[in-house]
Amino acid sequence: MSSVLERIVETTREDVKRRSKQTPASQLEALLGDRDDRPFSEALSRPGVSLIAEHKRRSPSAGAIREGGEITDIVRAYEAGGASALSILTEERHFGGSLDDLRAARAACGLPILRKDFVVDPYQVVESAAAGADAILLIVAALEPKWLKRLYDEARGVDLDVLVEVHDEEELECALEVVDADVIGINNRDLGDFTVDIQRTFELLSDVPAGKTVVAESGFHTREQIEELERVGIDAVLIGEALMRSEDLEAATRVLTGTDLDEPER
Ligand SMILES: O=P(O)(O)OC[C@@H](O)[C@@H](O)c1c[nH]c2ccccc12
């Protein structure tokens, strides 16, 4: 596993240990009965490229992105701008997020929500469902195949969709063989050194079997790039920084979803 990712996973394990002592899994499981989940993967498979708009205050690669601003205003602007789903960074130490962010986002809008974190322990799966996530991320580079399988099955068992993230051919093969992932994320950002190469999406796409939902992740900024993704048959794009850095979030979301052109001016 690469160094930066390794460090984040290590601190994540410590944090999970602490939280699971505070609130045992059994207590969270008791909350799962009345979940009304919003279909995440379905929202990505509609015609055109669906936008997953991400809430990310800071990151190890970029530093501070947008520290101020209410999350409720941000996600409402994403929804009004035509996003199909949300990605909420909940990792605290490196990304400045929290599960409270996820709960606040859920209460503020009707979009399905991906919990974006470094899920390495079954406790986090139950925790995600209890907090109101509709889907979780599993990063192949961070998991032994047997853990990938275990966490994937646990997530499906509590009705969470899973975005399985890969960034090279080997990881893609693992995602297909070990869990036969329905929703595959191609991350253009190398989680070892944080370099971004959006060609990765196009290169790896040809190895993805037909019938899978494919999400292009990281490094996208413009509508033109999204149109290019549409031409090659990508189902969805996940965008964080470009949105979080923009002054008018709803307008920026409209530009990326192409809905700024739909209504003729009167
Ligand atoms: O901000 P960007 O370049 O638009 O990227 C968003 C998203 O892909 C990125 O935040 C991400 C992809 N995979 C991750 C795993 C953990 C943390 C973050 C990520």
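**Strand pairing and helix packing in the barrel**

In the predicted model, V166 has I186 of β8 as its bridge partner. Helix α8 spans residues 169–179 and packs on the sheet. The helix touches both β7 and β8. Its direction makes about 145° with that of β7. Strand β7 covers residues 161–166, and strand β8 covers residues 183–187. The two strands pair in the parallel sense, over 4 bridges.

This pair belongs to a closed barrel of 8 strands. The strand order is β1-β4-β5-β6-β7-β8-β9-β10, and the pairing is parallel. Within this sheet, neighbouring strands are turned against each other by 25° on average, with direction ignored.

UniProt, in an unreviewed entry, places the feature "domain: Indole-3-glycerol phosphate synthase" at residues 5–255. Over residues 5–255, helix accounts for 44% of the chain and strand for 18%. The C-alpha atoms at the two ends of this stretch lie 32 Å apart.

Helix α8 also packs against helix α7, which is formed by residues 145–157. The angle between α7 and α8 is about 55°, and their axes are 10 Å apart. Angles from 35 to 65 degrees fall in the oblique class, so α7 is oblique to α8. The crossing of these two helices is right-handed. On the α7 side, the contact involves P145, L148, K149 and Y152. On the α8 side, C174, V178 and V179 meet them. By class, the contact of α7 with α8 comprises 6 nonpolar residues and 1 charged residue, with no polar ones.

A second helix pair is formed by α4 (residues 71–80) and α5 (residues 99–108). These helices pack at an angle of about 50°, and 9 Å separates their axes. The two are therefore oblique to each other. Helix α4 passes α5 in a right-handed crossing. From α4, the contributing residues are I71, T72, V75 and R76. From α5, they are D101, A104, A105 and A108. This contact of α4 with α5 divides into 5 nonpolar, 1 polar and 2 charged residues.

Both helix pairs thus have right-handed crossings, α7 with α8 and α4 with α5. Each pair is oblique, as stated for α7 and α8 and for α4 and α5.

Conventions
Residues are numbered from 1 along each chain as its sequence is written. This is a predicted model: local features need pLDDT of at least 70, side-chain atom pairs count only at pLDDT 80 or more; totals for chains, interfaces and linings use all residues. Two strands pair if DSSP finds at least two bridges between them. Axes are lines fitted to C-alpha atoms, for helices over the stretch in contact, and angles run from 0 to 180 degrees between N-to-C directions. Two residues are in contact if their C-beta atoms, placed from the backbone, lie within 7 Å. Angles under 35 degrees count as roughly parallel, over 145 as roughly antiparallel, 65 to 115 as roughly perpendicular and the rest as oblique. A crossing is left-handed if the near helix is turned anticlockwise from the far one by less than a right angle, and right-handed if clockwise. Ala, Val, Leu, Ile, Met, Phe, Trp, Tyr, Cys and Pro count as nonpolar, Asp, Glu, Lys and Arg as charged, and the others, Gly among them, as polar. UniProt positions are given in the numbering used here, feature names are shortened, and annotations may be inferred rather than shown by experiment.
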